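The following exercises concern strand pairing and helix placement. Please work through each task before reading its solution.

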Amino acid sequence: MKYVDEFRDREKAATLVKKIQGLVSEIAITKDRPIAIMEVCGGHTHSIFRYGIEGMLPKEIELVHGPGCPVCVLPMGRIDDCVAVAERPEVICTTFGDAMRVPGSRKSLLQAKADGADVRMVYSPMDSLALARKNPDREVVFFGIGFETTMPSTALTILQAEAEGITNFSVFCNHITIVPTIKAILDSPDLQLDGFLGPGHVSMVIGTKPYEFVSRYYRRPMVVAGFEPLDVLQSIWMVLKQIKDGRAEIENQYARIVPDDGNDRALEAVAKVYELREFFEWRGLGSIDHSGVRIRDDYAVYDAEQKFAMPNIKIADPKSCQCGEVLKGVIKPWQCKVFGTACTPETPLGALMVSSEGACAAYYQYGGIKKQAVAS
Amino acid sequence: MNVIPISRPGRKLGTVSVPNVTLAHGGGGKAMKDLIDDVFISVFNGSGPDALEDQARIDLLGLTKLGDRVAFTTDSFVVDPLFFPGGDIGKLAICGTINDLAVGGAKPLYISCAAIIEEGVSVDLLRRIARSMAETAQAAGVRIVTGDTKVVHKGACDKVFLTTTGIGVIADGINLGVDQARPGDLVLVNGLLGDHGAAILGARGDMALDSPIVSDCAALHELIARLLQAAPHTRAIRDATRGGIATVLNEIADASGVSISVDEEHTPIRPEVKGFCEILGLDPLYLANEGKLVAVVPPDEAGAALLALRSDPLGRDAEIIGEVGEGESGRVTMHTVLGGVRIVDMLVGEQLPRIC
């Protein structure tokens, strides 16, 4: 595919890996543990596993798969609330595909569908609005999840519904924001990260400036990265270069897509429709201040939380689950007590086993159990 | 069982004059007989002395001339939509059953067809499906010899479900098996992967595609006969239907206690299917095929096998995609275009599009 295959070129990859090896050998002599780089975004995690990138890197580099899979970090209580709404007879519940499998405390949306709830998979909130148009006697609810990447499209859909005067459409808003989450990770006392790959799609919306605290206050390098394998390799090289030079800066590898100032129109829609929640519950990470948004009162008629009585029960993560430590990079997925035993993709306990972008599911599926094992 | 009575020469076939099927067409009376006559008997190519019996009768002696084992298979078809670019449920059912016989090395001969029909379905739609089955069977040289219909209440099934059962004969000396792969063997496919899965998803209309992706739905028995002639020691053949090629490779690796490594660069996938998968976050290795086989062939016959496949229109894009190894038993890996290695595991549930 033109404009895509160029970013998957084997020779260029080999050259980059060689350059990475060179830098690593210079850095490694000053360190007594692996160089830990966290990719914040689930899309990067997917690319890393899909192309076997981890096995191509020198063993001194450890990739830590961060919290950037919005499906993975959804707490059980929110799924329960969504299931409760979906089970109302007048409701058509619409959702992105991979959110259907996330376990709630009672059931997932997939199970709710099997039990008779009208749950439908959509590719965009606009599909959901189209369903509302087509079914004026039903209540269509969109299960809004995702970081700043998907936040604007949900906002624009609400604005569109308002413009058309459609009233049988609402959003169960679970959108979350990336910056407080990165901050929470950086504040964790057991932090062992040397640098970050910044999220590409999120940054296309918010730009690169919101990350400046990472370099300024926490002295960690961050490179906003694209999703093609060469993007990822080049970004890793850029992070290493900063580490070697003793720099901590926010660099933009994905400049072909990400403007430093973000996307004004998207940000405008976001600001118009949402306001920050005081706190939001994350699976594995607990409550993080200002890490989620809710729909402003001006758009209350489109807010499923206001339209329907939600049980709104908080469900604690299963005790045996160590998703939080994995998300923060303290342990690797396979070091978790229940990885591959009580927690598998068939019966996920923790969120990271649910979505194919979740670090644990990715390790389980793509079997990156030991990089040496597959690098042969 | 209301069997499809195979037509006796000169018997006048009933016809249906109403546009849609009702429960009366499943009632066992004249309406049902008319429906079966009109839709199925009028186009199916079976006939013989056993006409009007509750079962097809097959001459044993005729079978034993063809080989030493009977192959017997059954499969149900519930595709939505019923008609899609490159095929329909009828063609799918016949090809699917032929392929399930053929991958065992059998010559497919006879097929039965049972249809579960939702009341309200248009008779014309059924006629189109039956005609497609008849044409596919005729082109493939197999006969549809018996069958059954049931009509169920609205909502009890989705328009039409088909179940086809097939009988074929395996010639002496052919011993294909998924447990036969040995280290050093090569793995072949007969062409571009994932077309059917992408065609079905595309035809559901969720994605606006410029040009539709066409299903690869095809009967592979002649291609397989050609392959077995060129590579008589072929170890295993499987058609890569549900779960795609990834699932078949895992089944072979598991059953044979070997590892398999495939090379992404030589795995043939159409750019449109690749693009489709990228947008939806799907993996083409897990998409269904309906006209693609995976063959494991000993190394000294692989060249001949590839040539044989490529000499047939259904194998024009055939490739050697990988190799059987001694590594961890049951493990399937892929060397990626980038130069890395990933593991290709069995899928857990249905493949769901990713959010971003």
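**Exercise 1.** In this predicted model, determine which strands helix α4 of chain B lies across, and the angle at which the helix runs to β5(B).

*Solution.* Begin with the helix: α4 of chain B comprises residues 123–140. Next, identify the strands beneath consideration: α4(B) lies across β4, β5 and β6 (160–170) of chain B. Finally, take the direction: α4(B) runs at about 160° to β5(B).

**Exercise 2.** Establish the strand order of the open sheet of 4 strands in chain B, and state which strands are its edges.

*Solution.* The order is β1-β6-β4-β5 (chain B), and the pairing is mixed. Pairing on one side only marks β1 (69–77) and β5 (143–152) of chain B as the edge strands. From one strand to the next, the twist averages 15°. Turning to a single pair, β4 (residues 106–118) of chain B and β5(B) are parallel, with 9 bridges. Within this pair, B:I117 has B:V151 of β5(B) as its bridge partner.

**Exercise 3.** Describe how strand β12 of chain B pairs with β9(B) and with β13(B).

*Solution.* Consider β9 first: residues 259–263 of chain B pair in the parallel sense with β12(B), residues 332–335, over 4 bridges. Here B:V262 has B:M334 as its bridge partner. Then consider β13 (residues 341–343) of chain B, which runs antiparallel to β12(B) and is joined to it by 3 bridges. B:M334 stands opposite B:R342 of β13(B). Lastly, the hairpin of β12(B) and β13(B) has 5 residues between the strands, and B:G339 in this hairpin adopts a positive phi near 105°.

Technical notes. Residues are numbered from 1 along each chain as its sequence is written. Chains are lettered from A and ligands numbered from 1 in the order in which they are written. This is a predicted model: local features need pLDDT of at least 70, side-chain atom pairs count only at pLDDT 80 or more; totals for chains, interfaces and linings use all residues. Two strands pair if DSSP finds at least two bridges between them. Helices (H or I, at least four residues) and strands (E, at least two) are DSSP runs, numbered from the N terminus. Axes are lines fitted to C-alpha atoms, for helices over the stretch in contact, and angles run from 0 to 180 degrees between N-to-C directions. Two residues are in contact if their C-beta atoms, placed from the backbone, lie within 7 Å.
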